[in-house]
Amino acid sequence: MTLKQGKTSQTYRVVSLDIELKLERRLEALGLTEGSLITILNNEKKGSLTARFRGARFALGRRIADHIEVTEVSMP
């Protein structure tokens, strides 16, 4: 599934980034890499998606979120 399809307050593990190389490198520099955990803070289907990863909050555009493959993580 893609990050864009994710639910608010759910945590996911990044499987792959399928976007242009320049943008992929920028996200990796911010800490969004394959295997990292990302929690969706707001996915109201309007505007950008707000997420937390590596302890910081980020707003990701829907086009970007649609190209980040994730799997759901069950937190204890």
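**View 1. The exposed side of helix α1 in the predicted model.** In this predicted model, the residues L21, K22 and A29 are exposed on one side of helix α1, the side opposite its buried residues. Just beyond the end of α1, the residue G31 adopts a positive phi of about 110 degrees.

**View 2. The buried side of helix α1.** Helix α1 spans residues 21-30, and within this helix L23, E24 and L27 are buried. These buried residues lie on the same side of α1, because they cover an arc of only 100 degrees around the axis. An α-helix has 3.6 residues a turn, so residues three or four places apart point the same way. Among the elements that cover the buried residues of α1 are the strands β1 (11-17), β4 and β5, together with the helix α2 (62-65).

**View 3. The open sheet and its edges.** The sheet is open and is formed by 5 strands, which follow the order β4-β3-β2-β1-β5 and pair in the antiparallel sense. Strands β4 (56-60) and β5 (68-72) stand at the edges, and because each has a single partner strand, one side of each is left without a neighbour in the sheet. From one strand to the next, the twist averages 40 degrees.

**View 4. The pairing of β3 with β4.** Strands of a sheet pair through backbone hydrogen bonds, either parallel or antiparallel. Here strand β3, which covers residues 49-53, pairs with β4 in the antiparallel sense over 5 bridges. Within this pair of strands, L49 stands opposite L60 in β4.

Technical notes. Residues are numbered from 1 along each chain as its sequence is written. This is a predicted model: local features need pLDDT of at least 70, side-chain atom pairs count only at pLDDT 80 or more; totals for chains, interfaces and linings use all residues. Side-chain values use heavy atoms; hydrogens and water are left out. Two strands pair if DSSP finds at least two bridges between them. Helices (H or I, at least four residues) and strands (E, at least two) are DSSP runs, numbered from the N terminus. Axes are lines fitted to C-alpha atoms, for helices over the stretch in contact, and angles run from 0 to 180 degrees between N-to-C directions. Buried means under 20% relative accessible area, exposed over 50%, partly exposed in between (1.4 Å probe, protein chains only). The arc is that of the directions from the helix axis to the C-beta atoms. Contact means heavy atoms within 4.5 Å.
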